[in-house]
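Thanks for coming. I will take a few minutes on one model and go through its core, some of its helices and a handful of single residues.

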Amino acid sequence: MILSWLLLLSCNKTEYKNEKSGIAISFDDHFINEWYTLRPLLQKYNAKVTFFITCSDSLTLDEITKLKQLRKDGHEIGFHGTIHGKSTEMIDAFGPQKYAETELLPGLKYMSDAGFYPTSYAHPGGNHNDQVDSVLLANGFKILRDVAVSRQILFGIPLYTLAPRIMNRIYYDFNNEQKVDALLIDQDSGVTENEIQDAVVKAKNTNTALMIFGHKPLYTKPGNGEYGFNVSFLETILKEAKKQNLKFYTMTELTEH
Ligand SMILES: [Zn+2]
(Lines give C-alpha, C1' and ligand atoms only; values in the text may rest on other atoms or scores of the structure.)
Protein backbone atom coordinates (compact mmCIF):
# COMPACT_ATOMS: atom_id res chain seq x y z
CA MET A 1 0.00 0.00 0.00
CA ILE A 2 2.68 2.48 1.05
CA LEU A 3 4.87 1.31 -1.80
CA SER A 4 2.19 1.93 -4.43
CA TRP A 5 1.52 5.35 -2.96
CA LEU A 6 5.21 6.20 -3.24
CA LEU A 7 5.32 4.95 -6.81
CA LEU A 8 2.36 7.10 -7.68
CA LEU A 9 4.07 10.10 -6.17
CA SER A 10 7.26 9.57 -8.12
CA CYS A 11 5.29 9.08 -11.34
CA ASN A 12 3.49 12.33 -10.80
CA LYS A 13 6.77 14.07 -10.11
CA THR A 14 8.28 12.80 -13.36
CA GLU A 15 5.20 13.85 -15.27
CA TYR A 16 5.40 17.31 -13.74
CA LYS A 17 9.10 17.64 -14.43
CA ASN A 18 8.69 16.94 -18.15
CA GLU A 19 5.29 18.46 -18.65
CA LYS A 20 6.39 21.14 -21.11
CA SER A 21 8.97 19.13 -23.06
CA GLY A 22 8.29 19.34 -26.74
CA ILE A 23 9.37 20.06 -30.25
CA ALA A 24 8.70 23.03 -32.53
CA ILE A 25 9.16 22.19 -36.21
CA SER A 26 8.99 24.87 -38.89
CA PHE A 27 9.34 25.09 -42.66
CA ASP A 28 10.49 28.12 -44.63
CA ASP A 29 9.87 29.76 -48.00
CA HIS A 30 7.07 28.95 -50.41
CA PHE A 31 6.76 25.18 -50.88
CA ILE A 32 3.05 25.20 -50.18
CA ASN A 33 2.05 22.39 -52.56
CA GLU A 34 4.91 20.22 -51.33
CA TRP A 35 4.16 20.94 -47.64
CA TYR A 36 0.53 20.10 -48.27
CA THR A 37 1.53 16.57 -49.26
CA LEU A 38 2.96 16.15 -45.72
CA ARG A 39 -0.55 16.28 -44.22
CA PRO A 40 -1.02 12.51 -43.82
CA LEU A 41 2.41 12.18 -42.18
CA LEU A 42 1.77 15.07 -39.80
CA GLN A 43 -1.68 13.69 -38.96
CA LYS A 44 -0.21 10.24 -38.29
CA TYR A 45 1.88 11.71 -35.46
CA ASN A 46 -0.64 14.37 -34.49
CA ALA A 47 2.09 16.92 -35.17
CA LYS A 48 1.55 20.68 -35.24
CA VAL A 49 4.12 22.73 -37.12
CA THR A 50 4.70 26.26 -38.45
CA PHE A 51 4.93 27.28 -42.09
CA PHE A 52 6.87 30.51 -42.71
CA ILE A 53 5.71 32.09 -45.95
CA THR A 54 7.74 34.37 -48.18
CA CYS A 55 6.72 36.04 -51.46
CA SER A 56 3.08 36.16 -50.40
CA ASP A 57 2.37 38.44 -53.39
CA SER A 58 2.43 35.33 -55.56
CA LEU A 59 0.01 33.25 -53.44
CA THR A 60 -2.50 31.58 -55.76
CA LEU A 61 -6.08 30.86 -54.74
CA ASP A 62 -5.19 27.18 -54.61
CA GLU A 63 -2.24 27.88 -52.28
CA ILE A 64 -4.42 30.06 -50.05
CA THR A 65 -6.98 27.26 -49.80
CA LYS A 66 -4.24 24.80 -48.88
CA LEU A 67 -2.77 27.12 -46.24
CA LYS A 68 -6.23 27.56 -44.74
CA GLN A 69 -6.65 23.80 -44.53
CA LEU A 70 -3.23 23.51 -42.87
CA ARG A 71 -4.24 26.18 -40.37
CA LYS A 72 -7.48 24.30 -39.75
CA ASP A 73 -5.37 21.20 -39.04
CA GLY A 74 -3.79 23.16 -36.18
CA HIS A 75 -0.62 24.38 -37.89
CA GLU A 76 0.57 27.96 -37.71
CA ILE A 77 1.11 30.22 -40.71
CA GLY A 78 4.04 32.53 -40.01
CA PHE A 79 5.76 35.18 -42.11
CA HIS A 80 9.16 35.04 -43.80
CA GLY A 81 9.48 38.42 -45.51
CA THR A 82 8.00 40.00 -48.61
CA ILE A 83 11.10 39.80 -50.82
CA HIS A 84 13.32 37.47 -48.71
CA GLY A 85 15.95 40.20 -48.63
CA LYS A 86 19.01 40.84 -46.46
CA SER A 87 17.41 42.78 -43.64
CA THR A 88 20.66 44.13 -42.14
CA GLU A 89 21.75 45.59 -45.49
CA MET A 90 18.31 47.05 -46.14
CA ILE A 91 18.09 48.68 -42.73
CA ASP A 92 21.63 50.07 -43.02
CA ALA A 93 21.00 51.49 -46.47
CA PHE A 94 17.46 52.81 -46.13
CA GLY A 95 16.60 52.96 -42.40
CA PRO A 96 13.96 51.14 -40.37
CA GLN A 97 10.91 52.77 -41.96
CA LYS A 98 11.91 51.91 -45.52
CA TYR A 99 12.97 48.42 -44.41
CA ALA A 100 9.48 47.83 -43.00
CA GLU A 101 7.87 49.29 -46.12
CA THR A 102 9.94 47.01 -48.34
CA GLU A 103 10.21 43.71 -46.48
CA LEU A 104 7.31 43.64 -44.03
CA LEU A 105 4.26 45.71 -44.87
CA PRO A 106 3.51 44.70 -48.48
CA GLY A 107 3.77 40.97 -47.79
CA LEU A 108 1.74 41.28 -44.58
CA LYS A 109 -0.95 43.06 -46.58
CA TYR A 110 -1.09 40.18 -49.08
CA MET A 111 -1.28 37.81 -46.12
CA SER A 112 -4.11 39.70 -44.41
CA ASP A 113 -6.00 40.04 -47.71
CA ALA A 114 -5.80 36.24 -47.89
CA GLY A 115 -7.00 35.91 -44.28
CA PHE A 116 -3.71 35.34 -42.46
CA TYR A 117 -2.37 37.44 -39.59
CA PRO A 118 1.09 36.03 -38.78
CA THR A 119 2.47 36.43 -35.25
CA SER A 120 5.77 34.64 -35.82
CA TYR A 121 8.64 35.59 -38.13
CA ALA A 122 11.57 33.64 -39.55
CA HIS A 123 14.53 35.78 -40.62
CA PRO A 124 15.20 35.31 -44.36
CA GLY A 125 18.66 33.78 -44.69
CA GLY A 126 19.01 33.95 -40.92
CA ASN A 127 20.07 37.56 -41.44
CA HIS A 128 19.20 40.12 -38.73
CA ASN A 129 20.48 42.42 -36.00
CA ASP A 130 19.00 44.14 -32.94
CA GLN A 131 17.64 47.02 -35.01
CA VAL A 132 15.87 44.62 -37.40
CA ASP A 133 14.49 42.71 -34.43
CA SER A 134 13.10 45.86 -32.83
CA VAL A 135 11.25 46.77 -36.06
CA LEU A 136 9.80 43.24 -36.23
CA LEU A 137 8.71 43.27 -32.59
CA ALA A 138 7.16 46.73 -33.08
CA ASN A 139 5.15 45.25 -35.95
CA GLY A 140 3.53 42.78 -33.60
CA PHE A 141 5.55 39.60 -34.06
CA LYS A 142 5.71 37.61 -30.84
CA ILE A 143 8.63 35.38 -31.76
CA LEU A 144 11.55 35.80 -34.18
CA ARG A 145 13.26 32.67 -35.43
CA ASP A 146 16.88 32.58 -36.54
CA VAL A 147 18.93 29.76 -38.10
CA ALA A 148 21.39 27.45 -36.33
CA VAL A 149 23.64 24.94 -38.08
CA SER A 150 25.53 22.09 -36.45
CA ARG A 151 28.18 21.89 -39.18
CA GLN A 152 29.95 24.75 -40.89
CA ILE A 153 31.91 24.05 -44.05
CA LEU A 154 33.88 26.72 -45.92
CA PHE A 155 35.24 25.92 -49.41
CA GLY A 156 34.93 22.22 -48.68
CA ILE A 157 36.84 22.49 -45.40
CA PRO A 158 34.90 21.65 -42.22
CA LEU A 159 35.14 24.57 -39.80
CA TYR A 160 33.22 22.99 -36.96
CA THR A 161 30.81 20.22 -36.09
CA LEU A 162 28.56 20.37 -33.04
CA ALA A 163 26.29 17.71 -31.64
CA PRO A 164 22.81 19.29 -31.72
CA ARG A 165 22.18 18.10 -28.14
CA ILE A 166 24.89 20.48 -26.86
CA MET A 167 23.53 23.48 -28.82
CA ASN A 168 21.58 25.08 -25.96
CA ARG A 169 20.24 27.85 -28.16
CA ILE A 170 18.03 25.43 -30.15
CA TYR A 171 16.09 24.57 -26.98
CA TYR A 172 13.27 26.80 -25.80
CA ASP A 173 13.12 26.88 -22.01
CA PHE A 174 9.77 28.68 -21.75
CA ASN A 175 11.16 31.92 -20.35
CA ASN A 176 9.18 34.04 -22.85
CA GLU A 177 12.25 34.57 -25.02
CA GLN A 178 11.24 36.22 -28.30
CA LYS A 179 14.49 35.72 -30.23
CA VAL A 180 15.18 32.05 -30.89
CA ASP A 181 17.27 29.74 -33.05
CA ALA A 182 16.16 26.59 -34.85
CA LEU A 183 18.45 23.85 -36.13
CA LEU A 184 18.51 23.38 -39.91
CA ILE A 185 17.59 19.79 -40.85
CA ASP A 186 17.91 20.07 -44.65
CA GLN A 187 19.93 17.33 -46.34
CA ASP A 188 22.99 19.56 -46.65
CA SER A 189 22.95 20.26 -42.90
CA GLY A 190 24.64 16.91 -42.29
CA VAL A 191 22.53 16.24 -39.16
CA THR A 192 22.37 12.48 -38.61
CA GLU A 193 19.50 10.34 -37.32
CA ASN A 194 21.44 9.50 -34.14
CA GLU A 195 22.19 13.15 -33.50
CA ILE A 196 18.58 14.21 -33.90
CA GLN A 197 17.33 11.36 -31.71
CA ASP A 198 19.76 12.43 -28.98
CA ALA A 199 18.53 16.01 -29.44
CA VAL A 200 14.90 14.94 -29.01
CA VAL A 201 15.74 12.95 -25.86
CA LYS A 202 17.50 16.01 -24.44
CA ALA A 203 14.32 18.09 -24.84
CA LYS A 204 12.50 15.43 -22.82
CA ASN A 205 15.15 15.33 -20.11
CA THR A 206 15.45 19.09 -19.76
CA ASN A 207 11.74 19.96 -20.07
CA THR A 208 12.47 22.21 -23.03
CA ALA A 209 11.31 22.37 -26.64
CA LEU A 210 13.70 21.46 -29.44
CA MET A 211 13.40 23.89 -32.37
CA ILE A 212 14.21 22.61 -35.86
CA PHE A 213 13.40 23.71 -39.40
CA GLY A 214 13.77 22.80 -43.04
CA HIS A 215 12.66 23.89 -46.47
CA LYS A 216 11.33 21.65 -49.26
CA PRO A 217 10.21 18.07 -48.53
CA LEU A 218 12.42 15.76 -50.62
CA TYR A 219 12.13 12.06 -51.36
CA THR A 220 15.50 11.70 -53.11
CA LYS A 221 18.80 13.55 -53.20
CA PRO A 222 18.32 17.26 -54.00
CA GLY A 223 18.30 18.03 -57.71
CA ASN A 224 20.01 21.02 -59.25
CA GLY A 225 19.33 24.10 -57.12
CA GLU A 226 16.98 22.14 -54.85
CA TYR A 227 17.25 22.46 -51.10
CA GLY A 228 15.26 20.66 -48.50
CA PHE A 229 14.97 17.86 -46.00
CA ASN A 230 14.39 14.16 -46.39
CA VAL A 231 10.79 13.23 -45.59
CA SER A 232 11.99 9.95 -44.05
CA PHE A 233 14.30 12.00 -41.81
CA LEU A 234 11.32 14.07 -40.72
CA GLU A 235 9.45 10.87 -39.93
CA THR A 236 12.38 9.66 -37.79
CA ILE A 237 12.05 12.87 -35.80
CA LEU A 238 8.26 12.61 -35.47
CA LYS A 239 8.58 8.97 -34.39
CA GLU A 240 11.16 9.79 -31.72
CA ALA A 241 9.10 12.77 -30.51
CA LYS A 242 6.08 10.50 -30.14
CA LYS A 243 8.16 7.84 -28.38
CA GLN A 244 9.36 10.48 -25.88
CA ASN A 245 5.80 11.76 -25.54
CA LEU A 246 6.84 15.29 -26.54
CA LYS A 247 4.30 18.03 -27.14
CA PHE A 248 4.19 19.66 -30.56
CA TYR A 249 4.37 23.44 -30.41
CA THR A 250 3.87 25.97 -33.15
CA MET A 251 6.30 28.87 -32.91
CA THR A 252 3.88 31.36 -31.36
CA GLU A 253 2.65 28.70 -28.93
CA LEU A 254 6.16 28.54 -27.46
CA THR A 255 5.71 32.03 -26.07
CA GLU A 256 2.32 31.19 -24.59
CA HIS A 257 3.40 28.40 -22.23
ZN1 LIG B 1 14.06 31.43 -46.50
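What follows is a walk through this structure, starting from the inside. Keep in mind that this is a predicted model.

First, the core. In general, nonpolar side chains in soluble globular proteins tend to be buried together. Here the largest nonpolar core has 62 residues. The residues with the most contacts inside this core are Ile23, Ala24, Leu183, Val200, Ala209, Leu210 and Met211. Helix 5, residues 87-114, gives the largest share of the core, with 6 residues.

Take Leu183 from that list. Setting aside neighbours within four places in sequence, Leu183 is in contact with Ala148, Ser150, Pro164, Met167, Ile170, Val191, Met211 and Ile212. Met211 is itself on the list of residues with the most contacts inside the core.

Next, Ser26, which sits in strand 1. Is Ser26 buried or exposed? Ser26 has 22 other C-beta atoms within 10 Å, and the cut-off for buried is 20 or more, so Ser26 is buried. Not counting residues up to four places away in sequence, Ser26 touches Val49, Thr50, Phe52, Ala122, Arg145, Ala182, Phe213 and Met251. Of these partners, take Thr50: Ser26 and Thr50 are 24 residues apart in sequence, and their C-alpha atoms are 4.5 Å apart.

Now helix 7, residues 193-206. Its 14 residues should span 20 Å at 1.5 Å a residue, and the end C-alpha atoms are 20 Å apart, so the two values agree. Which residues of helix 7 are buried? They are Ile196, Ala199, Val200, Lys202, Ala203 and Lys204. The elements covering these buried residues include strand 1 (22-29), strand 8 (171-172), strand 10 (209-214) and helix 8 (231-243). Just after helix 7, Asn207 takes a positive phi of about 55°.

Two lysines appear in that buried set, and I will follow one of them, Lys204. Lys204 has 20 other C-beta atoms within 10 Å, and 20 or more counts as buried, so Lys204 is in that class. Leaving aside neighbours within four places in sequence, Lys204 is in contact with Asn18, Ser21, Gln244 and Leu246. The C-alpha atoms of Lys204 and Lys247 are separated by 9.6 Å, with their positions 43 residues apart along the chain.

Val201 also lies in helix 7. With 17 C-beta neighbours inside 10 Å, Val201 counts as partly exposed. Between Val201 and Asp92 the C-alpha distance is 41 Å, and the two are 109 residues apart in sequence.

On to helix packing. Helix 7 and helix 8 pack at an angle of about 30°, and their axes are 10 Å apart. Angles under 35 degrees count as roughly parallel, so this pair is roughly parallel. The crossing of helix 7 and helix 8 is right-handed. On the helix 7 side the contact is made by Glu193, Ile196, Gln197 and Val200, and on the helix 8 side by Phe233, Thr236, Ile237, Glu240 and Ala241.

The other pair is helix 5 and helix 6, residues 130-138. For helix 5 and helix 6 the angle is about 30° and the axes are 10 Å apart. That makes helix 5 roughly parallel to helix 6. What is the handedness of the crossing of helix 5 and helix 6? That crossing is left-handed. Ser87, Thr88, Ile91, Pro96, Tyr99 and Ala100 of helix 5 meet Gln131, Val132 and Val135 of helix 6.

Helix 4, residues 61-72, can be dealt with briefly. Helix 4 has 12 residues and reaches 16 Å from first C-alpha to last, close to the 16 Å expected at 1.5 Å a residue. Just after helix 4, Gly74 has a positive phi of about 110°.

Last, backbone angles. Most residues other than glycine have a negative phi. Asn46 is not a glycine, yet its phi is positive, at about 55°. Asn46 is in the loop between helix 3 (39-44) and strand 2 (49-53). Asn46 is exposed, with 11 other C-beta atoms within 10 Å. Asn176 likewise has a positive phi, near 65°. Asn176 is in the loop between strand 8 and strand 9 (179-184). Asn176 has 12 C-beta neighbours inside 10 Å; 12 or fewer counts as exposed, so Asn176 is exposed.

That is the end of the tour.

Key:
Residues numbered from 1 in each chain as written. Predicted model: local features only at pLDDT ≥ 70, side-chain atom pairs only at ≥ 80, totals over all residues. Core = buried A, V, L, I, M, F, W, Y, C linked by C-beta atoms within 7 Å. Helix = DSSP H or I, 4+ residues; strand = E, 2+ residues; numbered from the N terminus. Contact = placed C-beta atoms within 7 Å. Expected span 1.5 Å × (residues − 1). Axes fitted to C-alpha atoms, helices over the stretch in contact; angles between N-to-C directions. Parallel < 35°, antiparallel > 145°, perpendicular 65-115°, else oblique. Left-handed = near helix turned anticlockwise from the far one by under 90°.
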